[in-house]
Structure formats: structure tokens, C-alpha cells
Amino acid sequence: VVTHAVDEEMTVPQMLEAARMGAFIEIAKPVGGTTVEEYADAIRKVGPDSCLISETGVSFLPDELIGAFLVSLRQLGFTDGELDKMTKTNPAKWLGLPVQ
């Protein structure tokens with residue numbers, strides 16, 4: 001897993017190369033100056049199959065914040081299937097858990 005790739009200013013070609021090598025690109029809720037639109041653009045270019053969405057756990061209300069982030073991504077055109085893939089399927093694969 002490549003953590004905070006967008007926040008660390010990794011380029012899309014670098015993210016694509018990491019994904020080709022088998023890495024998942026972690027997308028955490030927006031922090032600092034990164035916008036939801038910038039995350040969405042990176043996810044679209046890399047592809048939901050290679051991304052996972054996580055919560056950093058540094059906030060007091062992580063469930064609500066990650067929920068708001070997912071709502072924003074849906075408003076930007078991501079489907080329920082794509083969001084499920086990035087929040088459920090891909091993390092399960094990474095952890096070696098059965099994928100349903």
C-alpha cells in the first residue's frame with residue numbers, strides 16, 4: 001500500500017507504476033490543501049481497482065468524516081460499486097481476507 005500518495009505529491013504516472021507493480025494506492029480523507037476533486041481526479045486516472053479509501057484515525061469523528069468524503073465522491077460521479085471496491089473489496093484483498 002502506498003499511503004497518502006496524493007498528499008505526498010506523488011504524480012499520477014508514479015501512482016500508475018506502483019499500481020502496475022501490485023500496490024494499492026491509499027486515498028485518505030482530504031487533509032491540508034488537497035481537495036476532493038484532486039483525489040477524484042487521481043482515482044479516475046489510476047482506477048478504483050488499484051485504490052483503497054481509508055480513515056487516518058486522527059480525528060474525533062472518523063466515521064462521519066469518511067462518510068462525508070464518500071458522499072462527496074459519489075456527487076463527483078463515483079458509483080456505489082466503485083466506492084464498495086475501494087472501501088471493502090480492495091482492503092480485504094490487501095489483508096488477505098475473503099472477498100465477497
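Colleague: Let me start with one residue, T34. Where is the place of T34 in the chain?

Modeller: T34 lies in the loop between β1 and α2. Those labels come from DSSP runs: helices are H or I runs of at least four residues, strands are E runs of at least two, and both are numbered from the N terminus. Before we go on, note that this is a predicted model, in which local features need pLDDT of at least 70 and side-chain atom pairs count only at pLDDT 80 or more, while totals for chains, interfaces and linings use all residues. Residues are numbered from 1 along each chain as its sequence is written, and side-chain values use heavy atoms, with hydrogens and water left out.

Colleague: Thanks! Is T34 buried or exposed?

Modeller: We go by relative accessible area: buried means under 20%, exposed means over 50%, and partly exposed is in between, with a 1.4 Å probe and protein chains only. T34 has 17% relative accessibility, so T34 counts as buried.

Colleague: And which residues does T34 touch?

Modeller: A contact means heavy atoms within 4.5 Å. Not counting residues up to four places away in sequence, T34 touches V6, D7 and Y39.

Colleague: How should I read confidence in a predicted model?

Modeller: Look at pLDDT, the predictor's confidence in each residue, on a scale from 0 to 100. Where pLDDT is low, the predicted coordinates should not be read in detail. Here the protein chain averages 86, and 87% of the residues score at least 70. Among the elements, helix α1 (residues 12–20) has the highest mean pLDDT, 94, and helix α3 (residues 62–75) has the lowest, 82.

Colleague: What pattern does the chain follow along the sequence?

Modeller: There are four helices and two strands, and read along the sequence they give α-β-α-β-α-α. Of the 100 residues, 37% count as buried.

Colleague: How do I read the two strands together?

Modeller: Two strands pair if DSSP finds at least two bridges between them. In this model, strand β1 (residues 25–28) and β2 run parallel and are joined by four bridges. One position to look for is E26, which stands opposite L52 in β2. Both faces of strand β2 (residues 51–54) are covered: C51 and I53 are buried on one side, and L52 and S54 are buried on the other.

Colleague: You mentioned Y39 as a contact of T34. How many aromatic pairs does the count come to?

Modeller: Rings of Phe, Tyr and Trp (its six-membered ring) pair if their centres lie within 6.5 Å; planes under 30 degrees apart count as stacked, over 60 as edge-to-face and the rest as tilted. The count comes to one aromatic pair. Y39 and F69 form an edge-to-face pair, 5.6 Å from centre to centre with 75 degrees between the planes. The pair links distant parts of the chain, with Y39 in helix α2 (residues 36–46) and F69 in helix α3, 30 residues apart. Y39 has a relative accessible area of 1%, so Y39 is buried, and F69, at 3%, counts as buried too.

Colleague: And how many salt bridges does the structure hold?

Modeller: A salt bridge is a side-chain nitrogen of Lys or Arg within 4 Å of a carboxyl oxygen of Asp or Glu. The structure holds five. One of them joins D41 and K45, whose closest N and O atoms are 3.0 Å apart. Because D41 and K45 are four residues apart in helix α2, about one helical turn separates them.

Colleague: Which salt bridge links distant parts of the chain?

Modeller: Try D49 and K85, with their closest N and O atoms 2.8 Å apart. That pair links distant parts of the chain: D49 is in the loop between α2 and β2, K85 is in helix α4, and they are 36 residues apart. D49 is exposed, at 53% relative accessible area, while K85 counts as partly exposed at 25%.

Colleague: Let me finish in helix α4, with T89. Which residues is T89 in contact with, leaving aside its neighbours within four places in sequence?

Modeller: T89 is found in helix α4 (residues 80–95), and leaving aside those neighbours, T89 is in contact with D84 and V99. The C-alpha atoms of T89 and Q100 are separated by 7.5 Å, and these two residues are eleven apart along the chain. At 19% relative accessibility, T89 counts as buried.
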